[in-house]
Amino acid sequence: MDGFREGPNMLVIDPDECIDCAVCVPECPVNVIFAEEDLPSDQLAFIKLNAELTPKFKSITKRKAALPDADEWNGTAGKVKDLERRPRLAAPPCKPLQGSLHRPRQPMRW
Ligand code: SF4
């Protein structure tokens with residue numbers, strides 16, 4: 001099962017890695033994984049979305065706890081508009097050292 005990719009608030013399945021074995025379908029605790037041939041017609045856009053996001057998201061091979069607000073979002077219609085397409089940074093960016101940047105250059109003295 002190397003086909004899962006983890007984004008900030010959504011998992012996708014790599015269509016090139018998936019062999020359509022359907023093992024994951026009954027394992028999904030919220031019943032949102034479908035074999036492609038069983039995908040409801042109002043969710044066909046997710047085929048393209050999985051392909052689009054696969055190269056952007058990192059591989060996940062171990063079970064993790066659900067996000068803290070998972071129950072709140074479960075079954076919410078139209079939540080795709082809240083999808084975060086860019087991976088979150090692992091750590092906040094470093095702050096520049098105070099006073100070390102943009103300091104006017106001192107003339108060199110020989
Ligand atoms: S259908 Fe099988 S190969 Fe595809 S993601 Fe699910 S478990 Fe992996």
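This report describes the fold, the core, the ligand surroundings and two unusual backbone positions of a predicted model.

The protein chain contains three helices and three strands, and, read from the N terminus on, its elements follow the order β-β-α-α-β-α. Of the 110 residues in the protein chain, 9% count as buried. Among the contacts in the protein chain that link residues at least 6 apart in sequence, 68% join residues at least 24 apart.

The three strands form an open sheet in the order β2-β1-β3, and their pairing is antiparallel. Strands β2 (11-13) and β3 (58-59) stand at the edges with a single partner strand each, so one side of each is left without a neighbour in the sheet. In general, the strands of a sheet pair through backbone hydrogen bonds, and they may do so in either a parallel or an antiparallel way. In this model, strand β1, which covers residues 4-6, pairs with β3 in the antiparallel sense over two bridges, and E6 stands opposite K58 in β3.

The largest nonpolar core is made up of six residues, namely F4, M10, V12, I13, L53 and F57. One of these core residues, V12, lies in strand β2, and V12 counts as buried because it has 20 C-beta neighbours inside 10 Å, where 20 or more are needed. When residues up to four places away in sequence are left out, V12 touches R5, G7, L49, N50, L53, T54 and F57. V12 and F46 are 34 residues apart in sequence, while their C-alpha atoms are 9.0 Å apart in space. Another member of the core, I13, touches G3, F4, C18 and N50, again not counting residues up to four places away in sequence.

Which residues are closest to the ligand? Ten residues surround the ligand, and the closest are G3, C18, C21, V23 and C24. Sorted by class, the shell around the ligand has eight nonpolar residues, one polar residue and one charged residue. Two of the closest residues, G3 and C18, are also among the residues that I13 touches.

The last topic is the backbone angle phi. Most residues other than glycine have a negative phi. Two residues in this model, D20 and N31, have a positive phi although neither is a glycine, and the table sets out their values and places.

| Residue | Phi | Place | C-beta neighbours inside 10 Å |
|---|---|---|---|
| D20 | about 60° | loop between β2 and α1 (24-27) | 9 |
| N31 | about 55° | loop between α1 and α2 (45-53) | 10 |

Are D20 and N31 buried or exposed? A residue counts as exposed if it has 12 or fewer such neighbours, and D20, with 9 of them, therefore counts as exposed. By the count of 10, N31 likewise counts as exposed.

Conventions: Residues numbered from 1 in each chain as written. Predicted model: local features only at pLDDT ≥ 70, side-chain atom pairs only at ≥ 80, totals over all residues. Near = placed C-beta within 6 Å. Nonpolar A, V, L, I, M, F, W, Y, C, P; charged D, E, K, R; others polar. Pairing = 2+ DSSP bridges. Helix = DSSP H or I, 4+ residues; strand = E, 2+ residues; numbered from the N terminus. Contact = placed C-beta atoms within 7 Å. Core = buried A, V, L, I, M, F, W, Y, C linked by C-beta atoms within 7 Å.
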